[in-house]
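Visitor: Could you walk me through this model, starting with its cysteines?

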Amino acid sequence: MRIERAVLRQIPLRLKEYFEISSGGMQDRRILLLTLYSEGLEGWSECVVGEDPAYSYEFTNTAWHVLTEFILPGIVGRDAEGPEDILAPVRWVRGHNMAKAAVEMAGWDLAARAEGVSLSQKLGGDRDVVPVGVSIGLKATDEELHESVSGYLDDGYARVKIKIKPGRDIEMLAGLRERFPDVAFMADANSAYTLDDVDRLKELDALDLMMIEQPFSYDDFLDHARLQEQLSTPVCLDESIKSEGDLALAFELGSCQIVNIKPGRVGGFGVSRRLHDTARDRDMPVWCGGMLESGVGRAYNVALASLPGFSLPGDISASQRYWEQDIVTPEFEVEDGVMRVPSGVGLGVELDLDRIHGLTTREASFG
Ligand code: OSB
Ligand code: MG
C-alpha cells in the first residue's frame, strides 16, 4: 500500500459528563482524526491522546506536533507491505506511541478495506459480540456514585470500574459493596498510591474486587510486584505497559496478574495483538481499555476485543455513555453486557463527514 496522502484534523467533542480520575478531570475533548489515502481507498483512525500530559507525556499538542513535523511527512509517498511496516521510515522517532498508533491503525483500516473484510476479521477476531463494562469517574459523594452505578447496571454493563484516589477509596468501595453485593466491580487508581500505602491497599482484599488497576506510578514495576505479593486482589497494569518489553518485565517480576491493552498506548494493533498472544501463552487475562474515544477509536477497540484472549469485559461503553451525538453511524450500543462487533468492511461504521468537516478546528494535509 502506497500512502499517497494524509490529513490530520482536530475536532472538539464535549463529554456529556465531566470525567474525573485521580490526576484531574476532563470534559472538553479535542479529538484527533487521521485519514490516510491509498489506491482509491481511505483509512480512518483516531489518535487517543488526552488534553494534558497526565495519563501519559503524550497529549493533543505533542501528537499534533510529532505527527505533522516528523511522522506524516516521513510516511507519505512511501510504499508499505501492510499496516505493520507502515511506520518503518520513522522507526527512529523515539516514543510517541499514541501518535504512531494512529498511523498504523489507519493502515489496518486501509488493509481491511483493500481485502473487503472487517477490521475484526483482518486482525483475526473470532467473536460477533464482546463483553463490555463501564468506567465511572470520581464523584463528590457516595450518593452520586451509587446513583451512577445503578443507572449503568440498568443499561446492562457486565462490570463496573470505579476510579479511586486517597480519601476516596476503601470506605467508598465498602459502601458500594454493601449496596451492590453481587456486582462485578474493579477499581482504577491511575497511579495515585505508593508502596507506603500498602496496609491500606490490603484492605481491598475484603471487598471482592475483580482487580485493582495501576495503583502505582507507570514506571514502578518493582513496587507493583512487592504489592502483588502481599495482595490477593489481582493487580492490573495499564499506564505501565507500553511495549512487549514492559509486559515481559511485569511477567518476570510478578508486577501484575492482568493486563489492560489500549492500542494507542502500546503503539498500534500489531503490538496489541502480540501482547495478547504473549499474555495468552502465559495464561494472563487481558482486556481492552478505553481513552474516552469517539466512535472511530471505539471501532478499533471493539475489533481488538474480538480476539479470543480478551476474556474480561473491556472499558468499551455505548456512544451514548460519552456523547450527545457520536461522529459515526450507527452509534455503538450495549445490551445484556455485550457490544456487537461491526461486520461491515473496515471500521464497519459510517463516518458523519458533514459533521466532522463542520467541527474541524485544525487541519494539516500531506501529499
Ligand atoms: O485509566 O483507563 C484509564 C480514561 C482516560 C484516561 C485513562 C483512563 C480512562 C478510563 C475511561 O478509565 C475508559 C473509557 O474510555 O470508557
Ligand atoms: Mg486505567
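Visitor: Is Cys 256 buried or exposed?

Guide: Happy to start there, with a predicted model in which local features need pLDDT of at least 70, side-chain atom pairs count only at pLDDT 80 or more, and totals for chains, interfaces and linings use all residues. Residues are numbered from 1 along each chain as its sequence is written, and side-chain values use heavy atoms, leaving out hydrogens and water. Buried means under 20% relative accessible area, exposed over 50%, and partly exposed in between, with a 1.4 Å probe and protein chains only. The relative accessible area of Cys 256 is 6%, so this residue is buried.

Visitor: How many disulfides are there?

Guide: A disulfide is a pair of cysteine sulfur atoms within 2.5 Å. By that rule, the count is zero. Cys 47 is in none, the nearest cysteine sulfur, that of Cys 288, being 16 Å away. For Cys 256, also in no disulfide, the nearest cysteine sulfur belongs to Cys 236, at 6.9 Å.

Visitor: Which backbone nitrogen lies 3.0 Å from a polar atom of the His 224 side chain?

Guide: His 224 counts as buried, at 0% relative accessibility. Its contacts (heavy atoms within 4.5 Å), not counting residues up to four places away in sequence, include Val 235, Leu 237 and Ser 255. The backbone nitrogen at 3.0 Å from its side-chain polar atom is that of Phe 216.

Visitor: Which helix gives the most to the largest nonpolar core?

Guide: A nonpolar core is a set of buried Ala, Val, Leu, Ile, Met, Phe, Trp, Tyr and Cys residues joined through side-chain atoms within 4.5 Å. The largest has 86 residues, and Phe 185 is among those with the most contacts inside it. With seven residues, the helix that gives the most to this core is α11.

Technical notes
Chains are lettered from A and ligands numbered from 1 in the order in which they are written. A polar contact is a pair of N or O atoms within 3.5 Å; within protein, one must be able to donate a hydrogen and the other to accept it, and residues adjacent in sequence count only if both atoms are side-chain atoms. Helices (H or I, at least four residues) and strands (E, at least two) are DSSP runs, numbered from the N terminus.
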